[in-house]
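Hi,

Here is the structure I said I'd pass on. Have a look at it first, and then read on for what turned up.

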Amino acid sequence: MVKPTVKPSTLAATSLAVAAAAGTGSIASPARAATWYARIRKPTYQPPAVVFPVMWTTLYADIAATSALALDRLRASGRDTEARRYAAALGVNLGLNAGWSWLFFRYHKLGASALGAAVLTASSADLARRTARADPRAGAAQSLYPLWGAFATFLSAHIWRLNRGMR
């Protein structure tokens, strides 16, 4: 069995990309968003607030590591075109990821954010599929991302439904 290796430069690149997405998304959540968020109705199954930063930190670290492994595996096996497509898919995914926070927290567009979460979930599932093609274990590790995305989509849609007509 070949031991998976990741080049430090690839891990640095994917980590930087993930950090940029996380940072861009967090800019959309200024302190005043907490007041708005506290006012809106949420379903009873909404996780406690502490779950979100723990979950996202875990997911972001996982995305950076598994994506670096996938990219290095693709390049090492001469699948350079597939590696470029993977990098592009990762970029789109991270853009969608950051964009959701802007829709929800900055602009309070609950319906659009539910749709954005669904698109992000589809993109995350595609990314996990691509990762699994490069390295099945990395793909399995990354599968938590679209699962969390599916839950977030359901939660976002429910929040939208509970707060229609609220300004």
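A word on the UniProt labels before anything else: their positions are given in the numbering used here, feature names are shortened, and annotations may be inferred rather than shown by experiment. Also keep in mind that this is a predicted model.

With that said, the UniProt record (an unreviewed entry) puts "transmembrane region" at residues 49–71, 83–104 and 140–160. I checked two of those spans against the model. Residues 83–104 come out as 100% helix and 0% strand, with the end C-alpha atoms 32 Å apart. For residues 140–160 the figures are 95% helix and 0% strand, and 31 Å between the end C-alpha atoms.

Helix H4 got most of my attention. H4 has 27 residues and runs 38 Å from its first C-alpha to its last, close to the 39 Å expected at 1.5 Å a residue. Its buried residues are Ala83, Tyr86, Ala89, Leu90, Asn93, Leu94, Asn97, Ala98, Trp100, Ser101 and Phe104. The cover over them includes H1, H2, H3, H5, H6 and H7. Just after H4, His108 has a positive phi of about 55 degrees.

Leu90 is a good residue to click on in H4. Its relative accessible area is 5%, so Leu90 counts as buried. Setting aside neighbours within four places in sequence, Leu90 touches Thr14, Ile63, Ser67 and Leu127. Leu90 also sits 8.7 Å from Ser123, C-alpha to C-alpha, with the two 33 residues apart in sequence.

Over in H5, try Ser124. Ser124 has a relative accessibility of 1%, and therefore counts as buried. Beyond its neighbours within four places in sequence, Ser124 is in contact with Asn93, Tyr145 and Pro146.

Now for the pocket. The largest one has a volume of about 740 Å³. Its lining is made up of 32 residues, with Phe52, Trp56, Trp100, Ser101 and Phe105 nearest the centre. H1, H3, H4, H5 and H7 each contribute at least two lining residues, and H7 gives the largest share, nine residues. What kind of residues make up this lining, by class? There are 21 nonpolar and eleven polar residues, and no charged ones.

If you open just one view, start from Trp100 and Ser101: both are buried in H4, and both are among the residues nearest the centre of the largest pocket.

Cheers

Terms used:
Residues numbered from 1 in each chain as written. Predicted model: local features only at pLDDT ≥ 70, side-chain atom pairs only at ≥ 80, totals over all residues. Heavy atoms only, no water. 1 Å grid on protein atoms, 1.4 Å probe; cavity = no way out; pocket = protein on both sides within 12 Å on 5 of 7 lines; lining within 4 Å. Points joined across faces, edges and corners; volume = space filled by probe spheres on them. Helix = DSSP H or I, 4+ residues; strand = E, 2+ residues; numbered from the N terminus. Nonpolar A, V, L, I, M, F, W, Y, C, P; charged D, E, K, R; others polar. Buried < 20%, exposed > 50% of the residue type's maximum accessible area, 1.4 Å probe, protein only. Contact = heavy atoms within 4.5 Å. Expected span 1.5 Å × (residues − 1).
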